[in-house]
Amino acid sequence: MRAPAPAYAADLNGETIEAARAALGSALIEARERVGEVQLFVARDSIVETLRALRDTPGLAYQQLMEIAGVDYPERPERFECVYCLLSLTRNHRVQVHVSTDEEHAVPSVTGLWPVAGWLEREVYDMYGVLFEGNADLRRILTDYGFRGHPLRKDFPMTGYTEVRYSEEEKRVVYEPVKLAQDFRTFDFLSPWEGAEYTLPGDEKAEGAPGVPQAKGAYTPLSADQIVKADAAKSPATAPAGTDGRYAAGRTPAGNDATPGNLPSEKPLESDVPPGKGQNQ
């Protein structure tokens, strides 16, 4: 069965890298292939010329800007990366263009190449605080206008700084410092089928007699050998054995000998399903 989308040639990534090096020249810092995708690292000030060349150069022809993603690396001097994801419809191929920046240096806007970049740049600004020079409407787009900080930065707290609620006294939405109803729980990352190493409040009443395991399937602190010894210590319940496994050996329900003429019929005496009219059960 063929793939639902047309597949491109295996050596297309290598051809793309060579064509990008020839088209971008000194603006290209590094080009590499990773997990089947082409990644191009370019200088921040030449991002507009780079994307225009990738769009208009024959042999590349990346007509669409699909996404602008942000990445935060706090340990780097330029901690942010803007990743431009481009798609070539004619070649059925994608490429990623990476640009590094920090909190102070703005990245040139590419809204002149793709108007959709206005919304995408606003998302990166809202989530990471990356500035884009030339974007005429660089406002928050996902958080509130009074939101403080940028949520997807690695140093941003998971709870945030403020929370909102509707105040009946003031008849409006008010901002307040975050108040946690309970502290963060400490997870031990154990398998839920094995249970925790500690006893939860209330579980000590269900422990049972010491040395006796719980019912099969429930968690028990005993080892496998102790479980086998505990099972052997119990009196085994022997099921009645007979000719068909339902009656005592050599006996029928009526108490007769299990001779061929006295064996019970496999058909039940009284059926759970009443026979229909004109039908025998």
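Ser46 counts as buried in this predicted model, because its relative accessibility of 15% falls under the 20% that marks the buried class. The place of this serine is in the loop between S2 and H2, and its side chain reaches back to the backbone oxygen of Ala43 at 3.2 Å.

The chain around this loop comprises four helices and nine strands, and from the N terminus on these elements follow one another in the order α-β-β-α-β-β-β-β-α-β-β-β-α. Of its 281 residues, 28% count as buried. The area that the chain exposes is about 19,700 Å², of which carbon and sulfur atoms supply 55%. Among the contacts in the chain with a separation of 6 or more, 41% are accounted for by residues 24 or more positions apart.

Five of the strands form an open sheet with mixed pairing, in which the order is S1-S2-S5-S4-S3. The edges are occupied by S1 and S3, and because each of these has a single partner strand, one side of each is left without a neighbour in the sheet. From one strand to the next, the twist averages 20°. S1 and S2 are paired in the antiparallel sense over six bridges; among the residues concerned, Leu28 has Val42 of S2 as its bridge partner, and Arg34 is likewise matched with Glu37 of S2. The hairpin made by S1 and S2 has two residues between the strands, and within this hairpin Val35 takes a positive phi near 45°.

Helices H1 and H2 are both placed against strands of this sheet. H1 packs on the sheet through contacts with S1, S2 and S5, and its direction makes about 175° with that of S1. H2, in turn, lies across S2, S4 and S5, and runs at about 175° to S5.

Two residues of H2 illustrate its surroundings in more detail. Thr50, placed in helix H2, counts as buried at 2% relative accessibility. When residues up to four places away in sequence are not counted, Thr50 touches Leu24, Ala27, Val42 and Val97; one of these, Val42, is also the bridge partner of Leu28. Ala53 lies in helix H2 as well and, at 17% relative accessibility, counts as buried. With its neighbours within four places in sequence left aside, Ala53 is in contact with Leu24 and Leu60. Ala53 and Leu24 are 29 residues apart in sequence, and their C-alpha atoms are 7.0 Å apart in space. Leu24 thus appears among the contacts of Thr50 and among those of Ala53.

In soluble globular proteins, nonpolar side chains tend to be buried together. The largest nonpolar core of the model holds 35 residues, of which Leu40, Ile47, Leu51, Leu65, Tyr84 and Leu86 touch the most other members. Two or more residues are given to this core by each of helix H1 (12-24), strand S1 (28-34), strand S2 (37-42), helix H2 (47-56), strand S3 (64-72), S4, S5 and helix H3 (117-128). The five strands of the open sheet are therefore included among the elements that contribute to the core in this way, together with the helices H1, H2 and H3. Leu65, one of the members with the most contacts to other members, touches Tyr84, Cys85, Leu86, Val110, Trp114, Val116, Ala117 and Leu120, residues up to four places away in sequence not being counted. Tyr84 and Leu86, which are touched by Leu65, are themselves named with it among the core residues that touch the most other members.Backbone geometry sets two further loop residues apart from the general pattern, in which most residues other than glycine have a negative phi. Asn92, although it is not a glycine, has a positive phi of about 55°, and its place is in the loop between strand S4 (80-88) and strand S5 (93-101). With a relative accessibility of 29%, Asn92 counts as partly exposed. Lys171 is not a glycine either, and has a positive phi of about 60°; this lysine lies in the loop between strand S8 (162-167) and strand S9 (172-177). Lys171 is exposed, its relative accessible area being 55%.

Conventions. Residues are numbered from 1 along each chain as its sequence is written. This is a predicted model: local features need pLDDT of at least 70, side-chain atom pairs count only at pLDDT 80 or more; totals for chains, interfaces and linings use all residues. Side-chain values use heavy atoms; hydrogens and water are left out. Buried means under 20% relative accessible area, exposed over 50%, partly exposed in between (1.4 Å probe, protein chains only). A nonpolar core is a set of buried Ala, Val, Leu, Ile, Met, Phe, Trp, Tyr and Cys residues joined through side-chain atoms within 4.5 Å. Contact means heavy atoms within 4.5 Å. Two strands pair if DSSP finds at least two bridges between them. Axes are lines fitted to C-alpha atoms, for helices over the stretch in contact, and angles run from 0 to 180 degrees between N-to-C directions. Accessible areas come from the Shrake-Rupley method with a 1.4 Å probe; for residues, only the protein chains shown count as cover. A polar contact is a pair of N or O atoms within 3.5 Å; within protein, one must be able to donate a hydrogen and the other to accept it, and residues adjacent in sequence count only if both atoms are side-chain atoms.
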